[in-house]
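Please open the structure in a viewer and keep the selection tool at hand. The tour below proceeds from one selection to the next.

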Amino acid sequence: MAGPAPTTAFGQAVIGPPGSGKTTYCLGMSEFLRALGRPVAVVNLDPANEGLPYECAVDVGELVGLGDVMDALRLGPNGGLLYCMEYLEANLDWLRAKLDPLRGHYFLFDCPGQVELCTHHGALRSIFSQMAQWDLRLTAVHLVDSHYCTDPAKFISVLCTSLATMLHVELPHVNLLSKMDLIEHYGKLAFNLEYYTEVLDLSYLLDHLASDPFFRHYHQLNEKLVQLIEDYSLVSFIPLNIQDKESIQRVLQAVDKANGYCFGVQEQRSLEAMMSAAVGADFHFSSYPCCLASATAKREETWGSGMATSTLVND
């Protein structure tokens with residue numbers, strides 16, 4: 001007699017450059033989800049990640065170690081990490097054997113920080129694609145350090161990287177500006193925060209760059225990059241302060257809409273909640289936010305004592 005069909009699983013693939021706060025995000029988000037009563041399994045896919053602050057359900061270090069690869073193949077950290085991801089891609093049966101007993105959990109995948117893995121290298125995309133075949137619906141959560149907003153040239157670079165990542169990874173995508181609690185320490189922004197999160201008219205950035213003697217010589221290059229970003233019109237950001245549960249709630253709502261979790265029966269979504277999620281943020285509903293707020297309030301003391309800080313872990 002055939003067993004019951006495996007249930008659809010949901011989760012987040014947490015990606016971003018080194019130091020953007022991926023591990024801290026996984027810690028904070030896992031605590032928030034547990035406060036809501038949602039079972040969570042955090043999976044570390046970064047073999048260079050040591051001293052994990054969260055409870056790790058699956059660790060890729062059990063399959064392949066970065067140090068061993070570097071010693072055996074005489075590779076540097078970047079080349080060694082690419083080899084580790086290719087090795088994981090070739091041994092996905094090991095990963096599936098680890099994930100199958102965790103069906104019913106919400107997955108958080110803490111991914112490596114090498115940018116090339118998310119912009120042009122195929123291993124990580126292949127791994128995500130195979131997970132989809134296992135009926136695991138992921139949203140790519142791409143973290144970018146908010147200090148890049150203080151430098152127009154760096155912000156344009158971040159926009160290009162985010163766009164390339166969105167096109168390459170081929171998953172529902174949510175971009176976050178992390179470490180918003182520290183943005184005041186980075187310096188004064190040239191424009192208000194909404195300008196950066198909504199990626200408004202980038203011609204103002206070009207005008208700002210024109211005042212710099214160095215970037216004045218690259219005006220045409222910057223103009224073409226800005227035009228490319230605006231032509232695709234895909235990139236926007238959600239500000240994230242990992243110490244603020246309301247900020248995490250906004251991120252979670254965006255992620256749940258992106259991967260379809262909010263349309264399931266896991267938390268008894270009402271028709272009103274489903275319709276408001278489809279319409280967008282301008283249509284306010286009561287059931288889903290109230291569910292989040294009431295569940296979070298039940299564990300307020302636990303949250304206050306165990307919450308992660310964005311300065312605790314850099315990646």
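Select Ala9, which counts as buried because its relative accessibility is 2%, under the 20% cut-off for that class. The model in view is a predicted one. Ala9 is found in strand β1, which covers residues 9–15.

Keep Ala9 selected and display its surroundings. Which residues is Ala9 in contact with, leaving aside its neighbours within four places in sequence? They are Arg103, His105 and Phe107, together with Asp135, Leu136 and Arg137. Now add Tyr261 to the selection: in sequence, Ala9 and Tyr261 are 252 residues apart, yet their C-alpha atoms are 8.9 Å apart in space.

Next, turn to the whole protein. Among contacts with a separation of 6 or more, 76% join residues 24 or more positions apart. The protein has 315 residues, and buried residues make up 48% of them. If a surface is displayed, its accessible area comes to about 15,100 Å², with 52% belonging to carbon and sulfur atoms. A cartoon display shows 14 helices and 7 strands.

From these helices, select α2 (residues 66–73) and α3 (residues 77–90). Their axes come within 9 Å and cross at roughly 110 degrees, an angle that falls in the range of 65 to 115 degrees, and α2 and α3 are therefore roughly perpendicular to each other. The crossing is right-handed. To view the contact itself, show the side chains of Leu66, Val69, Met70 and Leu73 in α2, which meet Pro77, Gly80, Leu81, Tyr83 and Cys84 in α3. By class, this contact of α2 with α3 has 8 nonpolar residues, 1 polar residue and no charged residues.

The last selection is another pair of helices, α9 (residues 203–210) and α10 (residues 219–232). How are they arranged, and at what angle do they pack? The angle is about 165 degrees, with the axes 10 Å apart. Since angles over 145 degrees count as roughly antiparallel, α9 is roughly antiparallel to α10. Here α9 passes α10 in a right-handed crossing.

Finally, display the residues at this contact. On the α9 side are Ser203, Leu206 and Leu209, and these meet His219, Asn222, Glu223, Val226 and Glu230 in α10. The residues of the contact of α9 with α10 divide into 3 nonpolar, 3 polar and 2 charged.

Definitions and conventions:
Residues are numbered from 1 along each chain as its sequence is written. This is a predicted model: local features need pLDDT of at least 70, side-chain atom pairs count only at pLDDT 80 or more; totals for chains, interfaces and linings use all residues. Side-chain values use heavy atoms; hydrogens and water are left out. Axes are lines fitted to C-alpha atoms, for helices over the stretch in contact, and angles run from 0 to 180 degrees between N-to-C directions. Helices (H or I, at least four residues) and strands (E, at least two) are DSSP runs, numbered from the N terminus. Angles under 35 degrees count as roughly parallel, over 145 as roughly antiparallel, 65 to 115 as roughly perpendicular and the rest as oblique. A crossing is left-handed if the near helix is turned anticlockwise from the far one by less than a right angle, and right-handed if clockwise. Contact means heavy atoms within 4.5 Å. Ala, Val, Leu, Ile, Met, Phe, Trp, Tyr, Cys and Pro count as nonpolar, Asp, Glu, Lys and Arg as charged, and the others, Gly among them, as polar. Buried means under 20% relative accessible area, exposed over 50%, partly exposed in between (1.4 Å probe, protein chains only). Accessible areas come from the Shrake-Rupley method with a 1.4 Å probe; for residues, only the protein chains shown count as cover.
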